[in-house]
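Welcome! Let's walk through this structure together, one question at a time.

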Amino acid sequence: MKKISGVCLAALAGCAFSAHADTFPSHPITLEVPLAAGSTADILARAIQPELSRLLGQSVVVENKAGGSGLIAMQYVQRSAPDGYTLVMGSNTTWAINKGLFKSLPYDPQKDFKPVAYLAGGSNVLIVKPDGKYDTLASLVAALKAQPNRLTFSSGGNGTTHHLSAEYLKALTGTHAMHVPYRGAPQGVTAVMAGEVDFGFYNTPSVSGLVKEGRLKALATTGEARSPLLPDVPTMIQAGVPGYVISVDFGLLAPAGTPDGVIARLNQAARAVMKDPALRQKLQAQGYEVFQDDTPAQFGEFIQADIDKWVPLVKKSGAAID
């Protein structure tokens, strides 16, 4: 029996990958969402699902695997076959924040996954009690400087973007405040309304209605541009904190080892979906503000920049899960 050289085996493997990419997809694709139904990530996944299915010629099935700060879904996809048929809706939390939050993260967001496509992002908003002491961001920062560690802020939990948005404000302004984590975002928002804490940062879509009703006051949003949900509210930069930009971002990831041709096919379809004007208008009405037409490589660079930004911030905050 003749031996097959390593070069020949590599060539055969390459041909197999090429053939797979040419016929992909040939059966339904599963998109895992690390958060519960009705979450920001879930809403986005279900918004893109119909058109993504149409463009790929196969059903895209959205499944929710919530829990463990995204670990359940991420590990499930990490262990899945690298063939493009199991994807995950990644976010700042799963590809960046968790690297700083867990001492022993059971997956590597860069080594164990391939970036597919950036999808969309939104902002947080700095909120205070409407009849409280603070009318502007400048007045809040002045109070933080005058009373170190006397003011308090709420969050939906340690290591959330709510928590870290406040830590970023502290870092950029050289101020100090006490963190009061709650069981979830709704409880943290209620604490601001009730005056139990002085301020908080929460997802703009989740609190914009309360701001419009006068039950909360918005001092600034965290995006590069003003939120279409709160067009009269300045950004953090406009309100006086240079360099302050935080967005809550989402994108598709696949298991490491997925053929480049399959990644390219998925990226092409996802980018086409996100360019649809009707879908963008629908998503903007739901609070998604950031849209980037990224190749897989550009999305990978975005993830690296996000890691460089979030991990030091998480470590400086002292937030930890294990």
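Q: How many cavities of 30 Å³ or more does the structure hold, and what is the volume of the largest cavity?
A: Keep in mind that this is a predicted model, so the cavities are computed from predicted atoms. The structure holds 2 cavities that reach 30 Å³ or more. For the largest cavity, the volume comes to about 60 Å³.

Q: Which elements give two or more residues to the lining of the largest cavity?
A: The residues that line the largest cavity are Thr40, Gly122, Ser123, Asn203, Pro205, Val248, Phe250, Gly287 and Tyr288. Strand 4 covers residues 113-128, and strand 9 covers 247-255. The elements that contribute two or more lining residues are strand 4 and strand 9.

Q: Which element supplies the largest share of the lining of the largest pocket?
A: The largest pocket holds about 690 Å³ of space. Its lining has 34 residues, and those closest to the centre are Leu35, Thr93, Thr160, His162 and Asn203. Among the elements that give two or more residues are helix 2, strand 3, helix 6 and helix 8. The largest share, 4 residues, comes from helix 4.

Q: Why does the pair of tryptophan 95 and phenylalanine 302 tie together parts that are apart in sequence, and how many residues apart are they?
A: The structure holds 10 aromatic pairs. In one of them, tryptophan 95 and phenylalanine 302 sit edge-to-face, at 6.3 Å centre to centre with 85° between the planes. Tryptophan 95 belongs to helix 4 (residues 92-101) and phenylalanine 302 to helix 11 (residues 296-317), so the pair joins parts of the chain whose separation in sequence is 207 residues.

Q: Why is the pair of tyrosine 118 and phenylalanine 302 given its name, and what is that name?
A: A pair of aromatic rings is described by the distance of the centres and the angle of the planes. Here tyrosine 118 is in strand 4 and phenylalanine 302 in helix 11, 184 residues apart. The ring centres of tyrosine 118 and phenylalanine 302 are 5.2 Å apart and the planes meet at 70°. An angle over 60 degrees is what the name requires, so the pair counts as edge-to-face.

Q: Is phenylalanine 302 buried or exposed?
A: The relative accessibility of phenylalanine 302 is 18%. Buried means under 20%, so phenylalanine 302 falls in that class. Its partner tyrosine 118 has a relative accessible area of 1% and is buried too. For phenylalanine 302, then, the word is buried.

Q: Which element gives the largest share of the largest nonpolar core?
A: This core has 47 residues, and Leu169, Phe199 and Met236 touch the most other members. Elements that each supply at least two residues include helix 3, helix 5, helix 6 and strand 7. The largest share, 8 residues, comes from helix 11.

Q: Which residues form one aromatic cluster together with Phe201?
A: Methionine 236 offers a way in: leaving aside neighbours within four places in sequence, its contacts include Leu126, Leu169, Phe201 and Tyr244. Phe201 and Tyr244 both belong to one aromatic cluster. The other members alongside Phe201 and Tyr244 are Phe153, Tyr168 and Phe199.

Q: Is proline 296 buried or partly exposed?
A: Proline 296 lies in helix 11. Leaving aside neighbours within four places in sequence, proline 296 is in contact with Pro115, Val116, Ile263 and Asn267. At 23% relative accessibility, proline 296 is above the 20% limit for buried, so the answer is partly exposed.

Q: What is the peptide bond from phenylalanine 24 to proline 25?
A: Most residues other than glycine have a negative phi, and most peptide bonds are trans. Proline 25 is in the loop between helix 1 (6-23) and strand 1 (29-33). With omega near -5°, the bond from phenylalanine 24 to proline 25 is cis.

Q: What is the phi of asparagine 149?
A: Asparagine 149 sits in the loop between helix 5 and strand 5 (152-155). Asparagine 149 counts as partly exposed, at 39% relative accessibility. Phi is positive here in a residue other than glycine, with a value near 60°.

Note on methods:
Residues numbered from 1 in each chain as written. Predicted model: local features only at pLDDT ≥ 70, side-chain atom pairs only at ≥ 80, totals over all residues. Heavy atoms only, no water. Phe/Tyr/Trp six-rings, centres within 6.5 Å; stacked < 30°, edge-to-face > 60°. Buried < 20%, exposed > 50% of the residue type's maximum accessible area, 1.4 Å probe, protein only. Core = buried A, V, L, I, M, F, W, Y, C linked by side-chain atoms within 4.5 Å. Contact = heavy atoms within 4.5 Å. 1 Å grid on protein atoms, 1.4 Å probe; cavity = no way out; pocket = protein on both sides within 12 Å on 5 of 7 lines; lining within 4 Å. Points joined across faces, edges and corners; volume = space filled by probe spheres on them.
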